[in-house]
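Dear colleague,

I am handing over the structure below, and after it I set out what was found. Please keep it open beside you as you read.

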Amino acid sequence: MAENIRDLIKDQETFFLITGEFKKISTLKKKLLNTKRFSKKILILRIKEDTDQLDEIILEVKKFCKKENVPLLLNSPNKFSYKAKGYHLTSKEIYEYKNSKNLVLGASCHNEQDIIQAIDIGCSYAFLSPVIRKNGIEGIGWDSFFALKDKYPQITIVPLGGVNESNAIVEAFAGISHWWSTKNW
């Protein structure tokens, strides 16, 4: 790996690219090509429900990430059964998770309590969402985002939710739509 994943997580210019939905592995492979437009990135494979194709999906994404030198974090059913650079926990999982085993962990957080829990279990980063109103869900806003980011400097807090290239007031952010839906380059 050209850069250590922990250093990338702390770098304010790193994009966290979360995979969106797909039905076919061939579609996934095409969408992964969109990662090439970002110089500093971490890929988070997000699979919400267990599927009989999970092994094949993870294998394909791992091959792509190895070839392209992109760190991979897993956010999937049975995620700890697979070897990866690290793992992303849902906001529910952060309250169930007990042992970090010195793994790179990240978490989805929606409030200050979630951030505190993520810190307590040893997460390196937390996605805080939604920042901007999206799909009828009120965002916390940039002022609250920065207040929490400043209050908890021991964890990298990354904006997610409604954030895109036109409304971001930070260099990089986490998301799906800003890269998943774009044309292949």
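To begin with a single residue, Asn75 is buried, because its relative accessible area of 10% falls under the 20% that sets the limit for that term. Please bear in mind throughout that this is a predicted model. Asn75 belongs to strand β3, and its side chain is joined to that of Lys79 by a polar contact of 3.4 Å. Leaving aside residues up to four places away in sequence, Asn75 touches Ile44, Leu45, Arg46 and Ile47, and also His88 and Thr90.

Turning to the sheet, there are eight strands in an open arrangement, which runs in the order β7-β6-β5-β4-β3-β2-β1-β8 with parallel pairing. The edges are taken by β7 (156-159) and β8 (174-175), each of which has a single partner strand, so that one side of each is left without a neighbour in the sheet. Within this order, strand β1 (residues 15-18) pairs with strand β2 (residues 41-46) in the parallel sense over four bridges, and Leu17 stands opposite Leu43 in β2.

Two helices should be mentioned alongside the strands. Helix α3 (residues 54-68) packs on the sheet, where it touches β2 and β3 (72-75), and its direction makes about 175° with that of β2. Helix α5 (residues 141-151) also packs on the sheet, touching β6 (125-128) and β7, and the direction of this helix makes about 165° with that of β7.

With kind regards

Terms used:
Residues are numbered from 1 along each chain as its sequence is written. This is a predicted model: local features need pLDDT of at least 70, side-chain atom pairs count only at pLDDT 80 or more; totals for chains, interfaces and linings use all residues. Side-chain values use heavy atoms; hydrogens and water are left out. Two strands pair if DSSP finds at least two bridges between them. Contact means heavy atoms within 4.5 Å. Axes are lines fitted to C-alpha atoms, for helices over the stretch in contact, and angles run from 0 to 180 degrees between N-to-C directions. Buried means under 20% relative accessible area, exposed over 50%, partly exposed in between (1.4 Å probe, protein chains only). A polar contact is a pair of N or O atoms within 3.5 Å; within protein, one must be able to donate a hydrogen and the other to accept it, and residues adjacent in sequence count only if both atoms are side-chain atoms.
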